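Trainee: I'd like to get better at reading strands and their pairing. Can we go through an example together?

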Amino acid sequence: KLYEWDLDTTAKAVAVANAPEQNLAMFVSPERVVVLLGTEEYLGVYNPMLVRWCDQGDNTAWAPTAINIAGEFPLNSGSRLVSGLAARGLNVLWSDTTVYSMQFNGSVGSVFTIRPAGYGCGLIGPSAKTASDNAVFWMSDKNFYTFNGQTASILPCTVWQDVYNNLYPNSEEK
């Protein structure tokens, strides 16, 4: 479920009304749009490769209408979405196999442009990413990568062998 911090209640963390209940990951874009990854379609069917977002500035409006920007978009490269990140000027999404750029357009019907930025370079785990002013960096199951807003590329790394040769089997996501 999606929760928000509410200072006016004793519970503090309160489930967001109307939000999809099953979600793998989430982030908030710089445009004040909550983005859910691996979530339920508008009609209620769970899809591990679905990106869904609420209306701008209203995290309770998830149903797309003619007067809001809520929407959804299924991605097709990978078996599940792992994480997302609001970076400088764009949003970045990762499946287990692919990295995507997600550019805000802001118009009803064409809110985000989502494009693959690299194949075979998905995110190894939900926290294996970071951003700086000029690039995004992450760890995949085979290499370290960087993304400058155009394409993903391998990041040369002097500790690659130490890191990848010492990963415990079946605990990569940690």
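Mentor: Sure, and keep in mind that this is a predicted model. Let's start with strand E7, residues 81-87, which runs antiparallel to E8 and is joined to it by six bridges.

Trainee: What holds strands together in a sheet, in general?

Mentor: Strands of a sheet pair through backbone hydrogen bonds, and the pairing can be parallel or antiparallel. To see the register here, pick one bridge: Ala-87 has Leu-90 in E8 as its bridge partner.

Trainee: How many residues lie between E7 and E8 in their hairpin?

Mentor: Two, and Gly-89 in that turn has a positive phi of about 85°.

Trainee: And where does the chain go after E8?

Mentor: Into another hairpin, where two residues join E8 to E9. These two strands pair in the antiparallel sense over four bridges, and Leu-93 stands opposite Tyr-100 in E9.

Trainee: So E8 has partners in both E7 and E9. Is strand E8 largely enclosed or exposed?

Mentor: Check the relative accessible area residue by residue; under 20% counts as buried. In E8, residues 90-95, six of the six residues are buried, so the strand is largely enclosed by the rest of the structure.

Trainee: Which residues point which way from E8?

Mentor: Leu-90, Val-92 and Trp-94 point one way, while Asn-91, Leu-93 and Ser-95 point the other way. Both sets are buried.

Trainee: Let's carry on to E9. How many bridges join E9 to E10?

Mentor: Eight, with E9 covering residues 98-107 and E10 covering residues 110-119 in an antiparallel arrangement. One of the bridges pairs Thr-98 with Tyr-119 in E10. The hairpin of E9 and E10 has two residues between the strands, and Gly-109 there takes a positive phi near 95°.

Trainee: Now the sheet with E3 in it. What is the strand order?

Mentor: The order is E3-E4-E5-E6, an open sheet of four strands with antiparallel pairing. Its edge strands are E3 (25-28) and E6 (71-74), each pairing on one side only. Ignoring direction, neighbouring strands in this sheet are turned by 25° against each other on average.

Trainee: Can you zoom in on E6 and its partner?

Mentor: Happily. E6 pairs with E5, residues 46-53, in the antiparallel sense over four bridges. For a landmark, look at Leu-50, whose bridge partner in E6 is Pro-74.

Key:
Residues are numbered from 1 along each chain as its sequence is written. This is a predicted model: local features need pLDDT of at least 70, side-chain atom pairs count only at pLDDT 80 or more; totals for chains, interfaces and linings use all residues. Side-chain values use heavy atoms; hydrogens and water are left out. Two strands pair if DSSP finds at least two bridges between them. Axes are lines fitted to C-alpha atoms, for helices over the stretch in contact, and angles run from 0 to 180 degrees between N-to-C directions. Buried means under 20% relative accessible area, exposed over 50%, partly exposed in between (1.4 Å probe, protein chains only).
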